[in-house]
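These are my notebook entries on a single protein chain. I set down what I looked up, entry by entry.

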Amino acid sequence: SAEAAMDEVRAAEAGLARDARLHAARALAARLAPDVRLYVAGQRPVTRAADAAPALASLPAVFTFGPVAGGAASSGGDLAWVWGDAAWTDSRGPGQGRYVRVWQHRRSGWRIVVAELIPGPRSPE
């Protein structure tokens, strides 16, 4: 059901958030579907997990992903999208934005099929 799918995806997101506090690229890579669509600001769009390493390497080392703020699941319970807040620190200082991810239930479990981090404006220095 859609409700069960959202519960499972919220749990998957919580695990991703926990792991991204230690190593963001590794945390994301472990959850990508082979045919993922990955969008990272300043990088070419990625259409295969096998090609994701440069985009993932361009991310800050650690992220704080807030809890799922919204989203929905298909009535069949095999597809769900979520969004929430993200924060990080990089060479330019603290950053913040939003994440959007689409998860699909596959034989191997829930996998990210679309992911985008949307950076917010930086505070003037």
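**Entry 1. Terms and source.** I call a residue buried when its relative accessible area is under 20%, exposed when over 50%, and partly exposed in between, using a 1.4 Å probe and protein chains only. The model is predicted, so I note that local features need pLDDT of at least 70 and side-chain atom pairs count only at pLDDT 80 or more, while totals for chains, interfaces and linings use all residues. Residues are numbered from 1 along each chain as its sequence is written, and side-chain values use heavy atoms, with hydrogens and water left out.

**Entry 2. Ala25.** I looked up Ala25 and found it in helix H2; helices (H or I, at least four residues) and strands (E, at least two) are DSSP runs, numbered from the N terminus. Ala25 counts as buried because its relative accessible area is 17%. I also noted its distance to Ala52: the two are 27 residues apart in sequence and 9.5 Å apart in space, C-alpha to C-alpha.

**Entry 3. Arg18 and Ala61.** Arg18 belongs to helix H1. Its relative accessibility is 48%, and therefore I entered Arg18 as partly exposed. Between Arg18 and Thr64 there are 8.2 Å from C-alpha to C-alpha, although they are 46 residues apart in sequence.

Ala61 sits in the loop between H3 and E2. I recorded Ala61 as exposed because its relative accessible area is 55%. Leaving aside residues up to four places away in sequence, Ala61 touches Ala20, His23 and Ala24, where contact means heavy atoms within 4.5 Å. From Ala61 to Arg101, 40 residues along the chain, the C-alpha atoms are separated by 19 Å.

**Entry 4. Two buried arginines.** Is Arg101 buried or exposed? Arg101 counts as buried because its relative accessibility is 3%. Arg101 is part of strand E5. Its side chain makes a polar contact of 2.8 Å with the side chain of Glu13; such a contact is a pair of N or O atoms within 3.5 Å, where within protein one must be able to donate a hydrogen and the other to accept it, and residues adjacent in sequence count only if both atoms are side-chain atoms. Residues up to four places away in sequence aside, those that Arg101 touches include Glu13, Leu28, Phe65 and Val114.

Arg31 lies in the loop between H2 and E1. Arg31 is buried too, because its relative accessibility is 14%. Which side chain does the side chain of Arg31 join in a polar contact of 2.7 Å? The partner is Asp19. A polar atom of the Arg31 side chain also lies 3.4 Å from the backbone oxygen of Gly15. Not counting residues up to four places away in sequence, Arg31 touches seven residues by name: Ala12, Gly15, Leu16, Asp19, Trp103, Arg111 and Ile112.

**Entry 5. The nonpolar core.** I define a nonpolar core as a set of buried Ala, Val, Leu, Ile, Met, Phe, Trp, Tyr and Cys residues joined through side-chain atoms within 4.5 Å. The largest one holds 32 residues, of which Leu38, Leu56, Phe63, Trp103 and Ile112 touch the most other members. Elements giving two or more residues to this core include H1 (2–20), H2 (24–29) and H3 (53–57). H1 gives the most, with seven residues. With residues up to four places away in sequence left out, Trp103 touches Val9, Arg31, Asp78 and Trp110, among others.

**Entry 6. Cavity and pocket.** Rolling a probe the size of a water molecule over the atoms shows where empty space is left. On a 1 Å grid over the protein atoms alone, a cavity is a set of points where a 1.4 Å probe fits but cannot get out, and a pocket is an open set with protein on both sides within 12 Å along at least five of seven lines; lining residues have an atom within 4 Å of a point. Grid points are joined across faces, edges and corners, and a volume is the space filled by probe spheres set on the points.

I found one cavity of 30 Å³ or more. The largest cavity holds about 100 Å³ of space. Its lining includes Leu28, Phe65, Tyr99 and Arg101. E6 gives the most to this lining, with three residues.

The largest pocket has a volume of about 210 Å³. Of its 12 lining residues, Ala41, Pro60, Trp88, Asp90 and Pro119 are the closest to its centre. E4 and E6 each supply at least two residues of this lining.
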